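User: I'm new to reading structures and would like some help with this one. Could we go through it together?

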Amino acid sequence: VTPLRIGRVGAPGVDLVDFDGGLARRYGAAPGTTYLLRPDQHVCARWMRITPQRLQAALARATTTETA
């Protein structure tokens, strides 16, 4: 898992600049929103306010090899 901070031009700590707001529109992003994305861009989870516990639980579900 690699965290990626996406933001506007000039925003501090940004890894990827969303120049025209296309990513924000596509994913309905707002400041503070957190997403867990698969490599094929499928959204596994989305939070308006993230907690470490929720992130760990989602990562566990997304990376499990068990079947139900």
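User: Which residues lie nearest the centre of the largest pocket?
Analyst: The largest pocket has a lining of 37 residues, and those nearest its centre are Leu4, Arg5, Ile6, Thr33 and Tyr35. A pocket here is an open set of points on a 1 Å grid over the protein atoms alone, where a 1.4 Å probe fits and protein lies on both sides within 12 Å along at least five of seven lines, and lining residues have an atom within 4 Å of a point. This is a predicted model, in which local features need pLDDT of at least 70 and side-chain atom pairs count only at pLDDT 80 or more, while totals for chains, interfaces and linings use all residues. Residues are numbered from 1 along each chain as its sequence is written, and side-chain values use heavy atoms, with hydrogens and water left out.

User: Which elements give two or more residues to that lining?
Analyst: They are β1, α1 (22-27), β3 (34-37), β4 (43-47) and α2, where helices (H or I, at least four residues) and strands (E, at least two) are DSSP runs numbered from the N terminus. By class, the lining has 24 nonpolar, nine polar and four charged residues.

User: OK, what about Thr33, is it buried or exposed?
Analyst: Thr33, which sits in the loop between α1 and β3, counts as buried because its relative accessible area is 16%. Buried means under 20%, exposed means over 50%, and partly exposed is in between, with a 1.4 Å probe and protein chains only.

User: What does Thr33 touch?
Analyst: Setting aside residues up to four places away in sequence, Thr33 touches Arg46, Trp47 and Met48, where contact means heavy atoms within 4.5 Å. In addition, a polar atom of the Thr33 side chain lies 2.8 Å from the backbone oxygen of Ala30.

User: Switching topic, how many helices and strands are there?
Analyst: The protein has two helices and four strands, and along the sequence they follow the pattern β-β-α-β-β-α. The C-alpha atoms fill a box of roughly 45 × 25 × 20 Å along the principal axes, and buried residues make up 15% of the 68 residues.

User: And Leu59, where is that?
Analyst: Leu59 is in helix α2 (residues 52-63), and it is classed as buried because its relative accessible area is 15%. Beyond its neighbours within four places in sequence, Leu59 is in contact with Val1 and Leu36. Asp18, by comparison, is 41 residues from Leu59 in sequence and 25 Å from it in space, C-alpha to C-alpha.

User: What is the phi of Gln41?
Analyst: Phi of Gln41 is near 75°, which is a positive value in a residue other than glycine. Gln41 belongs to the loop between β3 and β4, and it is partly exposed, with a relative accessible area of 40%. Another partly exposed residue is Ala11, at 32%, which lies in the loop between β1 and β2.

User: Last thing, what is the mean pLDDT?
Analyst: The mean pLDDT of the protein is 86, and 96% of its residues reach 70 or more, on a scale from 0 to 100 that gives the predictor's confidence in each residue. Confidence is lowest in strand β1 (residues 6-7), at a mean of 86, and highest in strand β2 (residues 16-17), at 90. As a general caution, predicted coordinates should not be read in detail where pLDDT is low.

Definitions and conventions:
Nonpolar A, V, L, I, M, F, W, Y, C, P; charged D, E, K, R; others polar. Polar contact = N/O pair within 3.5 Å; in protein donor to acceptor, adjacent residues only side chain to side chain.
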